[in-house]
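The following exercises introduce a structure through its empty spaces, its metal site and some single residues. Each task is followed by a solution in steps.

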Amino acid sequence: MSTTKLFGTNGVRGVVNIELTPEVAINLGSSIGTFFGKEKKILIGYDARTSGPMFARAVISGLMATGCNVYTAGMGSTPAIQFAVKNHNMDGGVIISASHNPPEYNGIKVIWSDGIEISHEQESEIEGIYFEKKIVFASWDHLGTKLELTGINDEYKEAIKNHVDVQKIKSKHFHVVIDAANSVGGIALPPLLRELGCKVTTINANIDGTFPGRLPEPRPESLGDLSAIVRAISADMGVAFDGDADRSIFCDENGIIHWGDKTFAVVIKQYLIKNPGAKIVTPVSSSTLIKDTVETYKGQLIWTKVGSVTVSQTMKTENANLGGEENGGIFYQPHQAVRDGAMTTSLLLNIMADTGKSLAQLIAEEPQYFIEKGKVECSNDKKELLLRKVYDEVKNENVSTIDGVKIWFQDASAILIRPSGTEPVFRLYAEAKDQEKASKLVKYYTLRLEQLLATL
Ligand code: MG
């Protein structure tokens, strides 16, 4: 761990017992406890990683030492734990999970009372307490208590059913294959889908923190088994989760794996048909398909910086019901304004039941875009200067500077030029109606970036 920073994009992450040790976890627990304050109710849960119970115990000790009353939820998906924080009027929550990272990693995320991850400013506050040793311990007679909170997965499952037409889905008898990545995606979703009248086939559904089935990042190239099984047994749909089951990637009845922008666009279209003019929130890195769909169905698009916490918080301040990221994170505020794999799966089944169309048919109705990616090396100290130079050059175009520089062109092509937050590179991400145009855009701006960088 660095000496000034603990939190990254989604909480604290590190390799178990090398970067993230029980000692870090216990001190972080006490820092989180100091941040929330004495006698506050904090829920804690973890995913399937081998180190989950170990870190949970360390964080619990740290929290109790500062006088927080801890409720232990045991194992559950990130959205199930987030839902429980809100549903049980907790003051906050802690989730032990490294989401999609490989099995040797774990992480600690802090949740606010509304179920959404705390803001980066609040994370800095906790870092301040941790590094400046401002932990406030409770006296021996004011230590926190520890109680078990059982049933969070069942409550979560029941809550999702309130947001779909259960009878209509039941009448369709869908057959769904679930690839749970040997983690918590296999806890609430199989029973939920059975209660929605689906026939459920699972793969990688046994809980095993070594993740023997596949790595917990649901990339199309690692979902070959899911695709093959959907085809072999003529299922209607396949779904694969990441390690903490907030993100879901889908496979249609033909075994084709679709990236998250395609399924998000399916959900947007149906939502806007039923809720004309609604606000849709998405990071500026999202595909032109999202912009296209929102414009075609007369919604109001709200761009945000890249990052799931920003999407959640923008949804709250804008009072928007639907948000999404193209990595398979869909946020549905009537349930909760966070990424939620089981909710997303249920929404898609609801749409299939409602429209009478298969997932492949729904996706085939969408306009097609071709993607090309590139990168340009650039030292961290020159990133801001280079970004400004790029902006000066394109400022008369249709451009957004919410995060990096994004340019939309007349012919529906677009490019996002954005400095990486973790590596000394600029990433380029182009889209167009044909592959040649997308490649041309990346080539042109790669060269231009290199030329501008040479002048710095
Ligand atoms: Mg995740």
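In these exercises Ala, Val, Leu, Ile, Met, Phe, Trp, Tyr, Cys and Pro count as nonpolar, Asp, Glu, Lys and Arg as charged, and the others, Gly among them, as polar. The model is predicted, so local features need pLDDT of at least 70 and side-chain atom pairs count only at pLDDT 80 or more, while totals for chains, interfaces and linings use all residues. Residues are numbered from 1 along each chain as its sequence is written, and side-chain values use heavy atoms, with hydrogens and water left out.

**Exercise 1. Describe the second largest pocket and its lining.**

Step 1. A pocket is, on a 1 Å grid over the protein atoms alone, an open set of points with protein on both sides within 12 Å along at least five of seven lines; a cavity is a set where a 1.4 Å probe fits but cannot get out, and lining residues have an atom within 4 Å of a point. Grid points are joined across faces, edges and corners, and a volume is the space filled by probe spheres set on the points.

Step 2. The second largest pocket holds about 260 Å³ of space. Its lining has 15 residues, and Lys274, Tyr332, Leu347, Asn350 and Ile351 lie nearest the centre.

Step 3. By class, the lining of this pocket comprises seven nonpolar, four polar and four charged residues.

Step 4. Helices (H or I, at least four residues) and strands (E, at least two) are DSSP runs, numbered from the N terminus. At least two lining residues of the pocket come from each of α9 (260–274) and α12 (341–355).

**Exercise 2. Locate the largest cavity with respect to the domains.**

Step 1. Domain bounds come from an automatic or database domain assignment. The chain is divided into domain 1 (12–150), domain 2 (156–364) and domain 3 (370–454). Between the centres of domain 1 and domain 3, taken over C-alpha atoms, there are 38 Å.

Step 2. In the whole structure, four cavities of 30 Å³ or more are found, and the largest has a volume of about 90 Å³.

Step 3. Residues lining the largest cavity include Thr78, Lys109, Asp246, Ser308 and Arg339. Two or more lining residues are given by each of α3 (78–87), α11 (308–318) and β17 (336–339). Helix α11 gives the most, with three residues.

Step 4. Because domain 1 and domain 2 both give residues to this lining, the largest cavity lies between them.

**Exercise 3. Which classes of residue make up the linings of the largest and the second largest cavity?**

Step 1. The lining of the largest cavity has four nonpolar, four polar and four charged residues.

Step 2. The second largest cavity contains about 50 Å³ of space. Among its lining residues are Ser77, Tyr156, Val184, Phe241 and Ala342. Helix α7 (residues 185–195) supplies the largest share, three residues.

Step 3. The lining of the second largest cavity has seven nonpolar, two polar and no charged residues.

**Exercise 4. Identify the protein donors of the magnesium ion.**

Step 1. Donors are N, O and S atoms within 2.8 Å of the metal (3.2 Å for Na, K and Ca); water is not among the atoms, so sites may look incomplete.

Step 2. Ser99 (OG), Asp242 (OD), Asp244 (OD) and Asp246 (OD) are the protein donors, at 2.0 to 2.2 Å from the magnesium ion. Along the chain they follow the spacing S-x142-D-x1-D-x1-D.

Step 3. Buried means under 20% relative accessible area, exposed over 50%, and partly exposed in between (1.4 Å probe, protein chains only). Asp242 and Asp244 are both buried.

Step 4. Asp246 appears both among these donors and in the lining of the largest cavity.

**Exercise 5. Is Lys41 buried or partly exposed, and what does Lys41 contact?**

Step 1. Lys41 lies in strand β3 (residues 41–46). Because its relative accessible area is 28%, Lys41 is partly exposed.

Step 2. Contact means heavy atoms within 4.5 Å. Leaving aside neighbours within four places in sequence, Lys41 is in contact with Asn69, Tyr71, His88, Asn89, Met90, Asp91 and Gly92.

**Exercise 6. Where do Asn17 and Glu39 lie, and what is the phi of each?**

Step 1. Most residues other than glycine have a negative phi.

Step 2. Asn17, in the loop between β2 (11–15) and α1 (22–36), has a positive phi of about 65°. Its relative accessible area of 47% makes Asn17 partly exposed.

Step 3. Glu39, in the loop between α1 and β3, has a positive phi near 65°. Glu39 is exposed, with a relative accessible area of 60%.
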